[in-house]
Amino acid sequence: MSTENRVTVNGERRSFPNQTTLLDVVRALHLEPERVAIELNRAIVKRELWPGTTIAAGAEIEIVQFVGGG
């Protein structure tokens, strides 16, 4: 049994330990949770659900980072 899950994040293959949550992914990528939105397997996941949403092998994650400017 593997201890890691291979997933796709923004088109790039990555490995994360089993039981990794979406919040763990955001932190591993050094992103600010308040400035991103996440789509997991083509469904948007609300920020308050990230800590309890684990990723499975083969998951497709898209992360969009908000950028301010004027």
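Tutor: Let's begin with a term: contact means heavy atoms within 4.5 Å. Keep in mind that this is a predicted model.

Student: Thanks! Which residues does Thr21 touch, not counting those up to four places away in sequence?

Tutor: They are Trp50, Pro51, Thr53 and Thr54. As for its place, Thr21 is in the loop between strand E2 (12-17) and H1.

Student: Why is Thr21 called buried?

Tutor: Set the value against the cut-off: buried means under 20% relative accessible area. Thr21 has 10% relative accessibility, so Thr21 counts as buried.

Student: Gln19 is found in the loop between E2 and H1. Is Gln19 buried or exposed, and how do you know?

Tutor: Exposed means over 50%. The relative accessible area of Gln19 is 61%, so Gln19 is exposed.

Student: And why does Asn10 count as partly exposed?

Tutor: Partly exposed covers the values between under 20% and over 50%. Asn10 has 41% relative accessibility, so the label partly exposed fits Asn10.

Student: What is notable about the phi of Asn10?

Tutor: Phi of Asn10 is near 50°, a positive value in a residue other than glycine. Most residues other than glycine have a negative phi. Gln19 also has a positive phi, near 70°. Asn10 lies in the loop between E1 and E2, and the hairpin of these strands has two residues between them.

Student: How do you know that E1 and E2 pair?

Tutor: Two strands pair if DSSP finds at least two bridges between them. Six bridges join E1 to E2, so these strands pair, and they run antiparallel. In one of these bridges, Val7 has Arg14 in E2 as its partner.

Student: What makes E1 and E5 a pair as well?

Tutor: Two bridges join E1 to E5, so the condition of at least two is met. These strands run parallel, and Val9 stands opposite Ile61 in E5.

Student: Now the interior. Which residues have the most contacts inside the largest nonpolar core?

Tutor: That core has 17 residues, and those with the most contacts inside it are Leu22, Trp50, Ile55, Ile61 and Ile63. Strand E1 (4-9), helix H1 (22-28), strand E3 (36-40) and strand E5 (60-65) each give two or more residues to this core. H1 gives the most, with four residues.

Student: What does Leu22 touch, not counting residues up to four places away in sequence?

Tutor: Leu22 touches Ile38, Leu40, Val45, Trp50, Thr53, Ile55 and Ile61. In soluble globular proteins, nonpolar side chains tend to be buried together.

Methods
Residues are numbered from 1 along each chain as its sequence is written. This is a predicted model: local features need pLDDT of at least 70, side-chain atom pairs count only at pLDDT 80 or more; totals for chains, interfaces and linings use all residues. Side-chain values use heavy atoms; hydrogens and water are left out. A nonpolar core is a set of buried Ala, Val, Leu, Ile, Met, Phe, Trp, Tyr and Cys residues joined through side-chain atoms within 4.5 Å. Buried means under 20% relative accessible area, exposed over 50%, partly exposed in between (1.4 Å probe, protein chains only).
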